[in-house]
Amino acid sequence: PASFDFVFSIGVMHHDAHTQTVFNSVAKLVRPGGRMSVWLYRRNQWWQEIINSSLRSVTTRLPRHILLPLCHLGAVLGGIPLINRTLNKIICFSAHPCYQNRVCDTWDWWAPRYQHHHTAKELTDWFHAAGFTDITELPPEKTNTWYRQLWLWNLLPGSGVNVTGIRSVQNLPNS
């Protein structure tokens with residue numbers, strides 16, 4: 001506890017049954033004055049959440065030999081410009097430039113038993129409660145105006161909330 005200068009988690013905590021419990025456990029590892037950064041899946045619009053939760057209710061129960069080819073199909077679709085800018089705003093599959101990353105990203109979306117979606121406010125509140133200061137929500141890496149607007153409107157399934165903060169040297173919460 002309280003021994004790490006920098007802790008980061010990218011797309012892991014939301015795959016546990018209790019995301020906040022994992023967050024709190026990891027936060028205790030950061031030393032006073034140390035930094036923690038966390039990226040979690042973003043909660044999207046209600047209708048996207050319904051569509052993708054329904055899809056995941058099927059994909060999470062599929063055997064690997066059936067799911068993997070579907071992830072490859074998602075990766076193919078993610079490489080088609082018109083489709084990766086439209087259909088994947090409704091059904092989540094990766095549009096990463098690298099084919100193999102698209103397969104892995106799509107697997108990460110469709111396979112895990114748990115997948116919780118969170119808001120920036122929710123994650124920021126966790127940082128505050130865990131005794132962090134200088135808390136900042138980091139914008140997405142893509143700077144395209146249209147992408148940024150879709151992200152602000154929570155219309156990008158698979159996008160995330162990315163927050164960073166510094167563990168306060170004073171007023172640490174009780175362990």
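## Exercises on a predicted model

Cys98 is partly exposed, with 33% relative accessible area. The structure above is a predicted model, and the exercises below walk you through some of its residues.

**Exercise 1. Find out how many disulfides there are, using Cys98 and Cys92 as worked cases.**

Step 1. Recall the cut-off: two cysteine sulfur atoms must lie within 2.5 Å to count as a disulfide.

Step 2. Start with Cys98. The closest cysteine sulfur belongs to Cys104, and it is 8.3 Å away, so this pair is too far apart for a bond.

Step 3. Move on to Cys92. Its sulfur has Cys71 as the closest cysteine partner, but at 11 Å that is again too far for a bond. Unlike the partly exposed Cys98, Cys92 is buried, at 6% relative accessible area.

Step 4. Write down the total: the count is zero disulfides.

**Exercise 2. Describe the surroundings of Asn52, and decide whether Asn52 is buried or exposed.**

Step 1. Locate the residue: Asn52 sits in helix H2, which covers residues 46-59.

Step 2. Check the accessibility. The cut-off for buried is under 20%. Asn52 has a relative accessible area of 3%, so Asn52 is buried.

Step 3. List the contacts. Beyond the neighbours within four places in sequence, Asn52 touches Ile90, Ile91, Cys92, Trp109 and Pro157. You met Cys92 in the previous exercise as a buried residue.

Step 4. Look for a polar partner: the Asn52 side chain reaches the backbone oxygen of Ile90 at 3.1 Å.

**Exercise 3. Which residues form a nonpolar patch on the surface, and where does Leu87 lie?**

Step 1. Collect the members: Trp46, Trp47, Ile50, Ile51, Leu87, Ile90 and Ile91. Together they have about 620 Å² of accessible area.

Step 2. Place Leu87 in the fold. Leu87 is in the loop between helix H4 (81-84) and helix H5 (99-110).

Step 3. Compare with the cut-off. Patch residues need over 30% relative accessible area, and Leu87 has 33%, which counts as partly exposed.

**Exercise 4. Trace the links between Asp108 and Gln115.**

Step 1. Place both residues. Asp108 is part of helix H5, whereas Gln115 belongs to the loop between H5 and helix H6 (120-129).

Step 2. Read the accessibility. Asp108 is partly exposed at 26%, and Gln115 is buried at 12%.

Step 3. Set the contact lists side by side, leaving aside neighbours within four places in sequence. Asp108 is in contact with His15, Tyr41 and Gln115. Gln115 is in contact with His14, His15, Tyr41, Arg56, Asp108 and Trp109.

Step 4. Add the polar contacts of Gln115. Its side chain reaches the backbone oxygen of Trp109 at 2.9 Å and also joins the side chain of His117 at 2.8 Å.

Step 5. Finish with a distance along the fold: the C-alpha atoms of Asp108 and Gly158 are 9.6 Å apart, with these positions 50 residues apart in sequence numbering.

**Exercise 5. What is the phi of Ala2, and what is the phi of Asp134?**

Step 1. Begin with the background: most residues other than glycine have a negative phi.

Step 2. Read the two angles. Ala2 has a positive phi near 55 degrees, and Asp134 has a positive phi near 50 degrees.

Step 3. Locate them. Ala2 is in the segment before strand E1 (4-10), while Asp134 is in strand E3 (residues 132-138).

Step 4. Complete the picture with accessibility: Ala2 is partly exposed at 36%, and Asp134 is exposed at 54%.

Notes. Residues are numbered from 1 along each chain as its sequence is written. This is a predicted model: local features need pLDDT of at least 70, side-chain atom pairs count only at pLDDT 80 or more; totals for chains, interfaces and linings use all residues. Side-chain values use heavy atoms; hydrogens and water are left out. Helices (H or I, at least four residues) and strands (E, at least two) are DSSP runs, numbered from the N terminus. Buried means under 20% relative accessible area, exposed over 50%, partly exposed in between (1.4 Å probe, protein chains only). A polar contact is a pair of N or O atoms within 3.5 Å; within protein, one must be able to donate a hydrogen and the other to accept it, and residues adjacent in sequence count only if both atoms are side-chain atoms. Contact means heavy atoms within 4.5 Å. Patches are made of residues with over 30% relative accessible area and no salt bridge: like charges are joined within 9 Å, nonpolar side chains (Val, Leu, Ile, Met, Phe, Trp, Tyr) within 5 Å. Accessible areas come from the Shrake-Rupley method with a 1.4 Å probe; for residues, only the protein chains shown count as cover. A salt bridge is a side-chain nitrogen of Lys or Arg within 4 Å of a carboxyl oxygen of Asp or Glu.
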